[in-house]
Amino acid sequence: TQSTGGIFAESLVEAVKIGTPEALSSILKEVAPRVYSFDMLKLNFCSMFIEEALHYASSGLPLERPNSMNKYGLILNDIGFEPMISKLMQKYICPLAAMLYKDYSGDQLSHHHAFIVKYKLGEDVDLREHSDQSVVTLNLCLGKEFEGSTLYFKQIKGEKYETDQIPYHEYQFIPGKAIIHLGDHVHGVNKLLSGERYNLIVWCKKDGKRDLNAID
């Protein structure tokens, strides 16, 4: 078992250890309105995570689709990762979500649906715009090498905008970096041009709301 020092980015570990809003804010970059990126996992652990997923996927054991839209990937809770992801959510996602999204119950996260998605030519290459069945979503790029496959964000459901123009912001994934956003933030994935992209996605939920694992 690796220590958290060998898995997580030092900047994240230190910010969570200090725990103040100033420390947590210092590691965040706002890449779209209310969407933030930060360094999360070390690259060697990202590679190990992908290899573990590929090993399971090639084992012949039954696989359930991670959600109603992605055809390739696997649900981590089904293969023994639920305790690890629960710890990750409680220690690293919850402090950020409580600070950033308290107005959307980001301080009431209690459980999760975690899965890996895979984008590859000839398989899933893009994803239509949608919102998630979560209060807050963490989306972490694991690798490998790829071109295209940018994530785009539009409006937050239920919020009014000053003009008739729907916002549009693109984000280019970088292995080891995560983004955090509201489940109600409409988003999608542009077409993959080459390579393969694997992402770990954690739909963070609260009791009594949004407990379906589908995409709106």
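In helix H3, the residues Phe-45, Cys-46, Phe-49, Ile-50, Ala-53 and Tyr-56 are buried (under 20% relative accessible area, against over 50% for exposed and partly exposed in between, with a 1.4 Å probe and protein chains only). Viewed down the axis of H3, these buried residues lie within an arc of 145°, so they line one face of the helix; the arc is taken from the directions from the helix axis to the C-beta atoms. Leu-43 and His-55, on the other side of H3, are exposed. The buried residues of H3 pack against strand E3 (73-75), helix H4 (82-100), strand E4 (111-120), strand E6 (136-143) and strand E12 (192-205), a contact being heavy atoms within 4.5 Å.

The model is predicted: local features need pLDDT of at least 70 and side-chain atom pairs count only at pLDDT 80 or more, whereas totals for chains, interfaces and linings use all residues. Residues are numbered from 1 along each chain as its sequence is written, and side-chain values use heavy atoms, with hydrogens and water left out.

The length of H3 was also examined. Its 15 residues (43-57) should span 21 Å at 1.5 Å a residue, and the end C-alpha atoms are 21 Å apart, which agrees; the expected span is 1.5 Å times one less than the number of residues.

In helix H1 (residues 10-18), Leu-12, Ala-15 and Val-16 are buried. These residues cover an arc of only 95° around the axis, which puts them on the same side of H1. Glu-10 and Lys-17 are exposed on the other side of H1. Packing partners of the buried H1 residues are helix H2 (21-26), strand E2 (35-39) and H4. Gly-19, which follows H1, has a positive phi, near 80°.

The protein as a whole has 4 helices and 12 strands, defined as DSSP runs (helices H or I, at least four residues; strands E, at least two) numbered from the N terminus. Of its 216 residues, 50% count as buried. Among contacts between residues at least 6 apart in sequence, 81% join residues at least 24 apart.

An open sheet of 4 strands follows the order E5-E11-E8-E9 with antiparallel pairing, where two strands pair if DSSP finds at least two bridges between them. Strand E5 (127-130) and strand E9 (169-171) are the edge strands, each pairing on one side only. Strand E8 (residues 151-156) pairs with E9 in the antiparallel sense over 3 bridges, and Leu-151 has Tyr-171 of E9 as its bridge partner.
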